[in-house]
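Visitor: I have a few questions about this fold. Can we go through them one by one?

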Amino acid sequence: MGTTPEFGRRDLIKRAAAIGLIAVPTMSVLSACASGDSGGGNQVDKGEKSTKNPLAVNEGAALDVVIFDGGFGQQYAKDAEAEYQKAFPKAQVKHSATQEIQTQLQPRFNGGTPPDLIDNSGAKQMDMGTLVAKKQLTDLNALLDAPSYDDPSKKVRDTLRPGVVEMGQFDSDETWVLYYAYTVYGVWYSKTNLAKLDAQYPETWDDMLKVCEAAKKKGIAGWTYAGKYPYYLPFSLYPFIAKIGGVEVLRRIDNLEPNAWKDPAVKAAFDAYYELYKKGYILQGTPGLTHIESQTAWNEGKALFLPNGSWVENESKKTTPADFQMSVGAPSSLDKNDKLPFGTLWASGGEPFIVPKNARNPQGGMELLRLMLGRKSSQNFIKSVSSLTSLNGGTEGLTLPPGLASSQEVLAKAGKNVVNPRLGDWYVALQKEKIGVGALGEMMAGRLTPDEAITKIQRFADETAKDDSVKKYKHK
């Protein structure tokens with residue numbers, strides 16, 4: 001994950017206009033250049049379709065790839081690109097990496113010359129919902145229906161983890177996004193540091209508060225988080241809400257339904273998290289910390305718990321002690337009235353890859369993804385960055401590091417009780433800048449009460465629901 005500055009609605013409009021994602025009268029030429037419907041004229045000719053080349057890649061065409069350089073780094077992509085070049089020796093692969101995805105790619109979308117494959121991730125990712133609404137992306141069903149890299153008798157879609165294909169769909173059967181990583185979200189902790197307090201991961205909220213109080217008496221904070229980017233808080237807060245009130249609560253929130261945020265389960269979850277602030281269980285200075293700084297403080301034993309995703313093991317490995325025993329826990333149970341059992345957690349596809357509609361070599365972009373979803377590249381990713389991929393399985397024969405092994409364990413325990421909130425996929429600005437920075441961050445810093453935060457968030461959601469310029473999506 002990356003970092004992001006706070007910006008307002010005017011900035012969002014300017015940035016969307018810069019890549020032609022909204023209509024501005026004085027920028028008609030600009031918008032026309034960026035329109036997905038006008039694409040295809042500069043695309044390379046397709047190659048000859050064969051068993052080894054099911055997507056009909058032009059074997060001599062260059063391939064242009066841009067990777068988000070965040071928690072997973074970029075080496076895994078370089079390794080896959082090397083395999084691509086072995087398969088297509090005449091092809092030249094251009095590899096670029098950045099944390100400034102939107103900033104760097106705006107001019108290229110605007111000019112009608114986007115890359116062939118983009119890892120659209122990080123805080124400065126392009127708004128996926130807007131890209132889909134403005135028909136800027138290539139439908140990836142051709143990839144999903146192609147033979148898988150390792151077993152031609154199976155389609156790519158049949159080798160993926162449950163829910164991955166659906167995540168890439170918005171309001172139709174077209175698949176616009178392929179999520180390569182498979183991320184487990186939750187409350188991360190060190191078994192070693194909990195053992196020093198003679199404690200285990202708390203399965204109830206009362207026990208969570210007891211562990212935090214015991215830590216406080218020893219000068220250790222209970223929690224820390226990415227205070228500058230508080231949209232990390234939902235990684236544990238949203239499944240907590242679902243656990244308390246049921247999956248339907250999150251669905252209503254995703255659907256921007258009136259008063260969805262005023263559900264009693266939301267209030268109960270917000271009250272519980274606010275109690276961490278009120279009782280002094282948050283690491284002092286947390287509201288000013290970046291994700292890296294909060295992870296480092298956690299690695300150093302200054303705080304016990306950290307809401308995060310499973311990329312954290314790789315992203316924080318330089319500061320993680322050898323005996324840390326990194327682990328992830330599902331949200332604690334609030335009380336006996338919770339609708340879902342302990343073990344309920346959020347796990348879903350992560351690291352969204354897209355092939356632009358105006359890509360010069362879209363078949364090459366999809367072929368690289370097909371290769372990446374093969375066993376060799378998938379295991380390379382798992383070993384290199386301590387994360388699962390969307391390939392179902394792929395860990396056979398591997399010795400998993402502690403955090404990844406823990407992720408596997410909590411997934412197994414969750415069974416069918418895995419939730420996947422879509423708000424952040426469908427409405428990036430609403431999730432990050434408004435709900436995250438504008439409300440949750442303010443509440444956890446003590447500048448808003450839970451009731452005030454809920455009122456503010458509901459207003460943000462209502463404004464988005466009424467904004468005709470924003471494409472709306474709903475659960476099927």
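Guide: The answers below follow a strand pair, a serine and the nonpolar cores.

Visitor: In which sense do strands β1 and β2 pair?

Guide: This is a predicted model. Strand β1 covers residues 63–68 and strand β2 covers residues 93–98. Six bridges join them, and the sense is parallel.

Visitor: What is the handedness of the β-α-β crossover from β1 to β2?

Guide: D64 has its bridge partner, K94, in β2. From β1, the chain passes through helix α3, residues 75–87, to reach β2. This crossover is right-handed.

Visitor: Is S406 buried or exposed?

Guide: S406 lies in helix α17, which spans residues 402–414. Buried means under 20% relative accessible area. The relative accessibility of S406 is 6%, so S406 counts as buried.

Visitor: Which backbone nitrogen does the side chain of S406 reach?

Guide: Set aside the neighbours within four places in sequence. S406 is then in contact with M326, S327 and V328. At 2.9 Å, the S406 side chain reaches a backbone nitrogen, that of V328.

Visitor: Which strand gives the largest share of the largest nonpolar core?

Guide: The largest nonpolar core has 137 residues. Those with the most contacts inside it are W223, I241, W261, F270 and F305. The largest share, ten residues, comes from residues 178–190, strand β4.

Visitor: How many residues does the second, separate core have?

Guide: A221, L283, A297 and A303 are among its members. This second core is separate, and its residue count is five.

Conventions: Residues are numbered from 1 along each chain as its sequence is written. This is a predicted model: local features need pLDDT of at least 70, side-chain atom pairs count only at pLDDT 80 or more; totals for chains, interfaces and linings use all residues. Side-chain values use heavy atoms; hydrogens and water are left out. Two strands pair if DSSP finds at least two bridges between them. Helices (H or I, at least four residues) and strands (E, at least two) are DSSP runs, numbered from the N terminus. A crossover is right-handed if, with the strands pointing away from the viewer, the path from the first strand over the helix to the second runs clockwise. Buried means under 20% relative accessible area, exposed over 50%, partly exposed in between (1.4 Å probe, protein chains only). A polar contact is a pair of N or O atoms within 3.5 Å; within protein, one must be able to donate a hydrogen and the other to accept it, and residues adjacent in sequence count only if both atoms are side-chain atoms. Contact means heavy atoms within 4.5 Å. A nonpolar core is a set of buried Ala, Val, Leu, Ile, Met, Phe, Trp, Tyr and Cys residues joined through side-chain atoms within 4.5 Å.
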